[in-house]
Amino acid sequence: MSQTAKIILDGKEYELPVIVGTENEKAVDISQLRSQSGYITYDDGYGNTGSCKSDITFIDGEKGILRYRGVDIAEIAEKSSFLEAAYLIIWGHLPNKAERQEFDDLIQQHEMLHENMKHQFQGFPPQAAPMAVLSAMINSMSCFHSHLYDLDEPHKFLEATAKLLAKVRTIAAFSYKHSIGEPISYPAPGLSYTENFLHMMFDAPNHPYTLDPEVVRAMDLMFLLHADHEQNCSTSTVRMVGSSQANLFTSVAAGVSGLWGRLHGGANQAVLEMLEGIHKRGDSIETVIAKVKDKDSKFRLMGFGHRVYKNFDPRAKIIKKACDDVLKKLGRKDPLLDIAKELEQAALADDYFVERKLYPNVDFYSGIVMRAIGIPLNMFTVMFAIGRMPGWIANWKEVHDSPSQRIYRPRQVYVGPVQRSYEDARKQD
Ligand code: ACO
């Protein structure tokens with residue numbers, strides 16, 4: 001028998017359906033509550049609101065579980081490349097040989113930018129924030145590929161997906177080259193997705209870039225671990241914009257903007273800045289922890305805590321190992337890694353963090369990996385955006401394909417002035 005919930009409002013009882021997910025997650029369906037009772041629910045920041053049903057990614061924040069399409073993240077990280085994981089996230093299954101070949105070929109076919117799009121980089125100042133450039137350039141794809149607004153036909157969706165995945169990497173690398181005043185490096189044939197990205201980022205006429213398999217693997221892993229994370233800020237943004245039937249490119253460009261902030265994708269940069277600051281000032285670990293606990297300081301331990309994970313972020317465990325491996329391979333010692341490890345140990349043993357269930361998240365170590373690879377600090381969040389692309393595409397498609405999809409339109413509780421005259425609203429001189 002299906003379960004229901006009861007709510008009593010103004011003395012009247014309302015019965016509400018309970019929805020149960022495949023992993024036994026339960027939700028009270030309040031979609032008819034307002035029409036029946038006049039009440040809405042209030043959930044500032046959506047911390048307890050299920051905004052959709054989705055079959056893409058499952059997270060159990062209490063147990064520290066993350067699965068793409070039912071497969072554990074650790075197993076995908078061990079056995080797949082980023083592109084294969086992207087395919088799994090977007091189409092729901094791992095590709096067979098023919099599908100993989102077709103996908104790889106399409107990625108290669110679409111990796112160049114239209115020449116006019118390339119000229120657009122000249123219009124940005126060299127010091128432009130890379131996330132602003134990325135969002136603008138992805139939105140610009142709407143101008144160059146308007147035949148891909150309507151993606152009802154599977155081959156068109158495949159083309160749009162290949163274009164986005166291929167070009168986001170080219171845009172990122174070109175914008176970096178533009179910012180440092182170097183000539184762009186075009187994609188080279190025969191290289192894998194991530195090899196080509198590193199090639200475009202770092203190869204220059206006077207210093208050819210040699211690909212190191214260990215570095216390629218670490219970068220690929222970085223992309224893979226960020227590939228989807230259910231209804232986070234940027235993905236919800238993509239779904240929201242897509243729900244108005246806006247095209248895929250512009251919906252994803254909005255996602256890039258959502259990702260930019262320090263509390264979301266910008267955290268990886270914030271972690272490194274924090275670690276660099278601690279290192280430069282020579283702060284002791286005790287001083288840092290005391291500052292975090294002092295509410296007046298407004299200082300947070302960046303890379304710690306998560307809205308959903310109240311246990312170890314499973315991605316943090318994987319990236320921590322990759323971090324050790326890549327530094328070892330490159331024969332580097334990074335004092336920031338030592339600080340990060342000491343901070344982690346101190347925080348995990350401290351009541352403040354234990355009581356609030358604050359654990360390291362994926363960003364705590366990803367910055368150190370990227371630094372070792374040579375990714376400049378201001379490009380960190382762009383790396384996250386490249387990685388998150390499959391998740392945004394899959395979520396946009398889920399909205400697009402849903403037969404019951406309505407435009408996203410939350411309600412609010414109005415707390416502003418009650419009706420007043422036009423003259424009363426004018427500020428007095
Ligand atoms: N350092 C110190 N205290 C923290 C931290 C932190 N990193 N995170 C949360 N807290 C404390 C808060 O001060 C609050 O304490 P209080 O109950 O005494 O007031 C309590 O823990 C709950 O914090 P909220 O802000 O309510 O938690 P919320 O779920 O809203 O925030 C967030 C989650 C934004 C990730 C937060 O933990 C944070 O700011 N972390 C640092 C930024 C970061 O690493 N972001 C990356 C997230 S992962 C990603 O986007 C890939």
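Does D334 count as buried or exposed, and at what relative accessibility? The legends below refer to a predicted model, and the first of them takes up this residue.

**View A. Surroundings of D334 in the loop between α14 and α15.** Helix α14 spans 314-329 and helix α15 spans 335-348, with D334 found in the loop between them. The relative accessibility of D334 is 8%, so this residue counts as buried, the cut-off for that class being under 20%. Leaving aside residues up to four places away in sequence, D334 touches L327, I368 and R371. With R371, the side chain of D334 also forms a polar contact of 2.9 Å.

**View B. Packing of helix α8 against helix α9.** The axes of α8 (residues 193-202) and α9 (residues 213-225) lie 9 Å apart and meet at an angle of about 105°. The two helices are therefore roughly perpendicular, a term that covers angles of 65 to 115 degrees. On the α8 side, the contact is made by Y193, T194, E195, F197 and L198; α9 contributes V215, V216, M219, D220 and F223. By class, the residues of this contact comprise seven nonpolar, one polar and two charged.

**View C. Helix α3 and the residue that follows it.** Helix α3 (residues 82-91) is largely enclosed by the rest of the structure, because nine of its 10 residues are buried. These buried residues are F82, L83, E84, A85, A86, Y87, L88, I89 and I90. After α3 comes G92, which has a positive phi, near 85°.

Conventions. Residues numbered from 1 in each chain as written. Predicted model: local features only at pLDDT ≥ 70, side-chain atom pairs only at ≥ 80, totals over all residues. Heavy atoms only, no water. Axes fitted to C-alpha atoms, helices over the stretch in contact; angles between N-to-C directions. Helix = DSSP H or I, 4+ residues; strand = E, 2+ residues; numbered from the N terminus. Parallel < 35°, antiparallel > 145°, perpendicular 65-115°, else oblique. Contact = heavy atoms within 4.5 Å. Nonpolar A, V, L, I, M, F, W, Y, C, P; charged D, E, K, R; others polar. Buried < 20%, exposed > 50% of the residue type's maximum accessible area, 1.4 Å probe, protein only. Polar contact = N/O pair within 3.5 Å; in protein donor to acceptor, adjacent residues only side chain to side chain.
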